[in-house]
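Some notes on the model follow, as numbered points. They cover burial, strand pairing, helix packing and charged pairs.

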Amino acid sequence: MIHIIVAIDRKGAIGRGGDLVFHIREDLRRFKALTMGNTLIMGRRTFESLPGGALPGRRNIVVTRSEAFSAPDVETAASPEEALAMAAEGPGDTFIIGGGQIYKHMLPLADRLELTVVDREADGADTFFPSIDLDLYRIDSLDRRDGYSFITLTRK
């Protein structure tokens with residue numbers, strides 16, 4: 001199963017200056033709980049924004065056009081398609097964790113969207129999640145919190 005996991009604001013903002021626009025403790029805990037033991041696919045810039053490099057307890061695949069790129073505990077793929085083929089070997093499900101171009105490419109392939117929707121607009125955002133065709137998904141869960149909601153959408 002291919003999951004996309006992302007935190008967005010009301011207008012779909014996800015990033016600013018190479019970093020997340022929101023740092024919500026419960027969102028980060030949810031991210032860890034959902035992705036642990038699974039395979040992650042991310043772009044190179046998303047990987048470089050991670051404070052500690054490869055995320056432990058998960059297989060990390062970085063999509064990059066740079067043949068020279070390497071990092072400890074990371075596998076590389078030259079394209080999103082190659083990354084998906086690698087991820088099909090496991091372990092577990094595949095989680096797409098960013099950035100904007102990777103999300104845009106993978107959204108049509110996603111079986112499930114794990115969204116954290118923040119009930120405000122991020123200042124100075126420069127990276128946005130692509131528009132979601134809600135007719136293609138059903139809401140499996142909605143957990144409203146103070147200032148944000150966790151929403152799971154599954155493809156119909």
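1. A residue counts as buried under 20% relative accessible area, as exposed over 50%, and as partly exposed in between. On that scale Glu 121, at 39% relative accessibility, is partly exposed. The model is a predicted one, and the points below should be read with that in mind.

2. Glu 121 has a salt-bridge partner in Lys 11, with 3.7 Å between the closest N and O atoms. The two residues are 110 apart in the chain: Lys 11 sits in the loop between E1 and strand E2 (13–16), and Glu 121 in the loop between E8 and strand E9 (127–128). Lys 11 has a relative accessible area of 59%, so it falls in the exposed class. The structure has 10 salt bridges, and two further pairs are taken up in points 7 and 8.

3. The main sheet to look at is an open one of eight strands with mixed pairing, in the order E6-E5-E4-E7-E1-E8-E11-E10. Its edges are strand E6 (75–77) and E10; each has a single partner strand, so one side of each lacks a neighbour in the sheet. From one strand to the next the twist averages 25 degrees.

4. How many residues of strand E11 are buried? Seven of the eight residues in E11 (residues 148–155) are, so the strand is largely enclosed by the rest of the structure. Strand E8 (residues 112–118) runs antiparallel to E11 and is joined to it by seven bridges. Strand E10 (residues 137–144) also pairs with E11 over seven bridges, again in the antiparallel sense. Ser 149 of E11 is the bridge partner of Val 117 and also of Arg 144. Phe 150 in E11 stands opposite Asp 143. E10 and E11 form a hairpin with three residues between the strands, and Gly 147 there takes a positive phi near 95 degrees.

5. Two helices should be viewed against the eight-stranded sheet. Helix H1 (residues 25–35) packs on the sheet and touches strand E1 (2–8), strand E4 (39–43), strand E7 (94–96), E8 and E11. The direction of H1 makes about 30 degrees with that of E11. Helix H3 (residues 80–87) lies across E1, E4, strand E5 (59–63), E6 and E7, and runs at about 165 degrees to E5.

6. There is also an open sheet of three strands, ordered E3-E2-E9 and paired antiparallel. Strand E3 (19–20) and E9 are its edge strands, each with a single partner, so one side of each is without a neighbour in the sheet. Two bridges join E2 to E3, and in E3 the bridge partner of Arg 16 is Asp 19.

7. Arg 44 and Glu 48 form a salt bridge whose closest N and O atoms are 2.8 Å apart. Both residues lie in helix H2 (residues 44–49), four residues apart, which is about one turn of the helix. Arg 44 is partly exposed at 30% relative accessibility, and Glu 48 is partly exposed with a relative accessible area of 47%.

8. Glu 75 and Arg 59 form a salt bridge with 2.6 Å between the closest N and O atoms. This pair links distant parts of the chain, with Glu 75 in strand E6 and Arg 59 in strand E5, 16 residues apart. Is Arg 59 buried or exposed? Its relative accessible area is 14%, so Arg 59 is buried, whereas Glu 75 at 31% counts as partly exposed. Both residues belong to a network of salt bridges that links Arg 59, Glu 75 and Glu 89.

9. A last residue to inspect is His 3, found in strand E1. His 3 has a relative accessible area of 4%, so it is buried. Which side chain makes a polar contact with the side chain of His 3? That of Asp 93 does, at 2.9 Å. Leaving aside residues up to four places away in sequence, His 3 touches Asp 93, Thr 94, Phe 95, Ile 96, Arg 112 and Glu 114.

Key:
Residues numbered from 1 in each chain as written. Predicted model: local features only at pLDDT ≥ 70, side-chain atom pairs only at ≥ 80, totals over all residues. Heavy atoms only, no water. Buried < 20%, exposed > 50% of the residue type's maximum accessible area, 1.4 Å probe, protein only. Pairing = 2+ DSSP bridges. Axes fitted to C-alpha atoms, helices over the stretch in contact; angles between N-to-C directions. Contact = heavy atoms within 4.5 Å. Salt bridge = Lys/Arg side-chain N within 4 Å of Asp/Glu carboxyl O. Polar contact = N/O pair within 3.5 Å; in protein donor to acceptor, adjacent residues only side chain to side chain.
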